[in-house]
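Good morning, and thank you for making time for this short presentation. I would ask everyone to turn to the sequence and the structure as they come up.

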Amino acid sequence: MSLAISQTASLLKGLMSNLMSSDNDVRTHAENSLKTEWVATQPQTLLSSLAFLVHQDTEPQARAFASVLLRRIAFQNAPNAEYKEDERSVWSLVGPAVHHAVKSELLGALNDESDKSARHKLCDTIAEVYDKVDDDEWPELLPALYACAQNGDALLRESAYRIFASCAYLLTNQSVESISTAFIGAFQDSDAAVRLAALQAAVAYILAADEKQRVAAAAMVPHMLSVLEPLLRDNDEAGLVEALSALIEAAEEAPKVFRAVLGSLITFATEIGKDAGLESTTRQTALEVLVSLAEAAPGMCRKNAQFSQSIVPVCMQMMSTIEDDEEWYTRVELEEGDNEEDHVFGEQTLDRLAIALGGKQLLPIAFNYIPQMLASSEWQQRHAALMAVSSIGEGCYKIMRGELQKILELIVPLFKDPHARVRYAICNCVGQMSTDFSPQLQEKHHALVLGGLIPVMDEAAVPRVQTHAAAAMVNFAEDATRQVLEPYLDTLLERLLAMLNSPQRYVQEQAITTIATIADNAKARFVKYYATIMPMLLGVLAQATDAEHRLLRGKTMECATFIGMAVGRDVFAADIPRFVELLTATQQSVTDPDDPQASYLQASWSRLCTLMGADFVPLLPVVMPALLTAARLQPDFAVLDLDEDPESSYAAEDGWEFAPIGGQQVGIKTSALEDKYNAVGLLHSYARDLGAGFQAYAGEVLEVVVPLFKFYFHEGVRSAAADVVPAALMSLKLAGADAAMRQAWAAICDRYISVLVSEEDDMFTTKLFESFADAVSTAGPQTMSAEQLQAFAASCVAQMEKYHARMKEREAARAAEELDDDDEEQLAEEEMLEGMAVDEVAKALHAVFSTHAQAFAAEFRSVLPIARKYLGERDPAARQWAICVFDDLVEFSGPDSAQYAAEFMQPILASLSERSSPDLRQASAYGVGVMAQFGGAAYADFVVGAALPVLLAELGRGDARAAENVYATENAVAAVAKVLRFLGAQVGDASAVLAAWFAALPVVHDDDEAPAVYEFLVQMLRDQPTALIGSGDLQALRHLIKVVAEGLALCTFTPELTQALAGVVRDSMAAFDDAGRAELWTAIPREQQEALQAKGLF
């Protein structure tokens, strides 16, 4: 290193001292100096000097801080580089010479550093430099690490494995045998820190390895576990937690590597879990390894009889460690409990295990303990048993629902338990079961449940229990029918109104929430209570204006709007002006970003909008500014070193969540993300509900939400933004602002396509294609340029190529018999998600075809190769997708599609009778129909000569009307109607075909096809009345009346078609005497009779 660098480093060290100053002013001045005098003007000198200090400085603290600064500065954005638009880092600007000098100093320090803390920070810096450079840019690193791993100094050996843990891809090109041998040796190292670092590096290697490497690496897993026992023996709980945390990562991502050692791991982890002498963190982390395995590989864990037998009793034991304390009874603010307590962890673990493993595995074991615990003289045991029942309900639903009466009879008596904490637990249990077992619990067991629950709402002496009973009532009422709840309304409202007079604010808050839920359930039946409750709510909003009542006010707004929606606008009308006045005043008073009223305000305005309709539009200037501000919120981030404590400055209770990424802790404030998500969702509600009334804000809203397609921090925000766009465009269209709508769409279309072409998340791919289809349908004909059509086609092809490649990978894995039950479960989930995405791609193609017809047909040649691929697959779902695309081609390009007909006619013909897939038959039948209607002469011979006989054969099958076949059958009926209507002159025995078609009616499930079918029926009755109904053929008349009445009852037709069909029924009825007409009416199912009468037809 040159003398100049040495001198510069000396100057820099002085600045570093100021950067660590406890004086804010000194530190701020130093930070500004670093940015302006070093980073911006001499980055080469800065990085070289920092590297020099890392290696050459005499003070360990300075060397450590220089490592941290080097890492942070080198890979931050270069000066004047905009975030995401210009991703140049300081490192990328300084050039190869500086890169070489920095890396040389780092490797020198790796050999020479003697201070453990400085060495750890050095390792983090080396790992990050390697992570940010290309693999071939630092060839000296791997040999240096190998040398360290074999060095006699334990610090060097530990360093090698610390770096491997962050740079595992360094090892993936090496032979698995040599890597495993090295790791196995390190697991037996004489130094505990080396053993632990080797374990963490081995996990990182397994996660970075491909599937074949993982299979081979599984052989070293038994040796990995040998690291754990000495840590436990030496009472090194901190090290044991680190080791177990590494195993959790492996369990989540590569659970199969533990198959051979699962028994040993179960024994070790549960022994730790049972040891009350260990720290809670240690016990919980040990059990977390097993829970992670159960969630990642449930099949593997189910097959091990020891798994549930061992872990369930440990959970029950943990749940029994709850302690009683006076504060639980006397606290005036209800805050979230300490989720790190053992009893809470036990509950959560049991819940997760039940969901992962299912009731068949877990329920019998749990109920070996629950009855005796319920009968225990220790309240903690009774409490734990009740919490266990509530925890396992969701996962054990299929089995528990058959035993629900017995379970409720077992637990309901504990509503009268002498201990308040147990009564609290039974309220919690019944509330959770009301959700897990709805609506069965509400419909069949309401008397048993509410007979125990409602009296507890009188327990004013123990407000925590009283409040929890009211909270459980919310769960019960949310899924109860009005008929079930109505007999209890008077009793419930009496108790809830009494709770409003409680001196405890949290009791009042819960009472208001429960009243809101009951009102939402009761609907118009709540009118009798309106005059009593609404003035009280308005009084709270007017009078409880201090800060401590903000949550109460928020819940009051919520309750008032739920009641307003329940009773209807006419009843609420007199109070709406005052309510709006109070909400407006509150809106103007909310300035604290953490004010809980803000979210309640937004939701209350939205419900009020639904209630008021177009009359709400004048209130938008009050509502929209805060909503748009919330929708524009940007997430707060923090980046900390691994050894820094986030809680000191970024508390979890403030919404901060941290995760280790690239040798650092990266934190994000998730509470702000939820606020943003809710705000974007409400923008969708306003645009949808107000239609043209939302026009004034549509443009600004689109500017806010469209960039959120790439808001990768929160999937909910992205999906909500995708929902907003079509609704906002529709508001412009309904307002007659076509020019503004088309102008907005022109830019938005490009943003859609830019995301669609490369989106990897299957759920968002599904949502965005769905949104695009709605948006282009709203924008209307010829609103995409030729370039946009071409780019859209390319995005569809890109996504479908990706899904095709995945499909072939699954086929190969299945053919190789490489899959176990867990793999099949995972593949089934992947196939479901991909199937949804593929469906939406087809619908988006349909929308573009329908709005751009010939213009998009010109781009079809680029889609043809992928459609051809899918059409040639064995998978019926793949063929269905291709056939749907070809159906659209024929429908919207007509005779011009004949140039591609040879690609799809025979596959469609073969698919018309494909028994394994009704969906495939439906798509194929629809295709025959569009060929008849739109294809012209080029398709006539195929449709009449080849396809029609197959369609008629399908209509004649005995299972044609089975639930799984009904849509395919109705599409076949519709296709035959189109053949008769458009190619009837070419049908040989048209009367026989017509008779078969008539016998196959009705069409009432497929809303798209039903109108055309019934229009054809009316046409035939008008033009050829004897073709369907022979003279005096009462049986045919009965069939006609049945199918028309069913269509009128179950379908929505135009007024003209409805009247024509009603006339058919009246005319046909005239052929029968009074007794015959009465018999015909009686033969119509009651729900259809009611529908016909409700429509005023008969």
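Let me begin with the interior. The largest nonpolar core has 385 residues, and the members that touch the most other members are Phe772, Trp881, Phe904 and Trp997. Helix α45 gives the most to this core, with eleven residues. I should say at once that this is a predicted model.

Which residues does Trp997 touch, if we set aside those up to four places away in sequence? They are Val973, Val976, Ala977, Leu980, Val1013, Phe1016 and Leu1017.

Helix α45 deserves a second look, this time at the surface. The helix covers residues 821-857, and Met836 lies in it. Met836 has a relative accessibility of 35%. Buried means under 20% and exposed over 50%, so Met836 counts as partly exposed. Together with Met763 and Met832, Met836 makes a nonpolar surface patch of about 290 Å².

I turn next to helix α22, residues 359-366. Why can this helix be described as largely enclosed by the rest of the structure? Six of its eight residues are buried, and therefore the description holds. Those buried residues are Gly359, Gln361, Leu362, Leu363, Ile365 and Ala366. What do they pack against? Their partners are α18 (298-302), α19 (305-319), α21 (342-357), α23 (370-374), α24 (379-392) and α25 (397-400).

Now to the aromatic rings. The count of aromatic pairs comes to 32. Phe711 and Phe713 form an edge-to-face pair, with 5.2 Å from centre to centre and 80° between the planes. Phe711 counts as buried, because its relative accessibility is 5%. Phe713, by contrast, has a relative accessible area of 32% and is partly exposed.

The backbone also merits attention. Most residues other than glycine have a negative phi, and most peptide bonds are trans. I shall go through four places with this in mind.

Two of them concern peptide bonds. The bond joining Ser438 and Pro439 is cis, with omega at about -5°. Pro439 is found in the loop between α27 (420-436) and α28 (440-456). A cis peptide bond also runs from Leu1001 to Pro1002, where omega is near 15°. Pro1002 sits in the loop between α52 (990-1000) and α53 (1010-1023).

The other two concern phi. Asn235, a residue other than glycine, has a positive phi near 60°. Its place is the loop between α14 (228-233) and α15 (237-253). Is Asn235 buried or exposed? Its relative accessibility is 62%, so Asn235 counts as exposed. Lys523 is not a glycine either, yet its phi is positive, at about 55°. This lysine lies in the loop between α32 (505-522) and α33 (527-543). With a relative accessible area of 27%, Lys523 is partly exposed.

I close with Glu811, which belongs to helix α44 (residues 786-815). Glu811 is partly exposed, its relative accessible area being 22%. Which residues does Glu811 contact, leaving aside its neighbours within four places in sequence? The contacts are Glu873 and Arg874. As for His55, Glu811 stands 756 residues apart from it in sequence, and 54 Å apart in space, C-alpha to C-alpha.

Thank you for your attention.

Methods:
Residues are numbered from 1 along each chain as its sequence is written. This is a predicted model: local features need pLDDT of at least 70, side-chain atom pairs count only at pLDDT 80 or more; totals for chains, interfaces and linings use all residues. Side-chain values use heavy atoms; hydrogens and water are left out. Buried means under 20% relative accessible area, exposed over 50%, partly exposed in between (1.4 Å probe, protein chains only). Helices (H or I, at least four residues) and strands (E, at least two) are DSSP runs, numbered from the N terminus. Contact means heavy atoms within 4.5 Å. Patches are made of residues with over 30% relative accessible area and no salt bridge: like charges are joined within 9 Å, nonpolar side chains (Val, Leu, Ile, Met, Phe, Trp, Tyr) within 5 Å. Accessible areas come from the Shrake-Rupley method with a 1.4 Å probe; for residues, only the protein chains shown count as cover. A salt bridge is a side-chain nitrogen of Lys or Arg within 4 Å of a carboxyl oxygen of Asp or Glu. A nonpolar core is a set of buried Ala, Val, Leu, Ile, Met, Phe, Trp, Tyr and Cys residues joined through side-chain atoms within 4.5 Å. Rings of Phe, Tyr and Trp (its six-membered ring) pair if their centres lie within 6.5 Å; planes under 30 degrees apart count as stacked, over 60 as edge-to-face and the rest as tilted.
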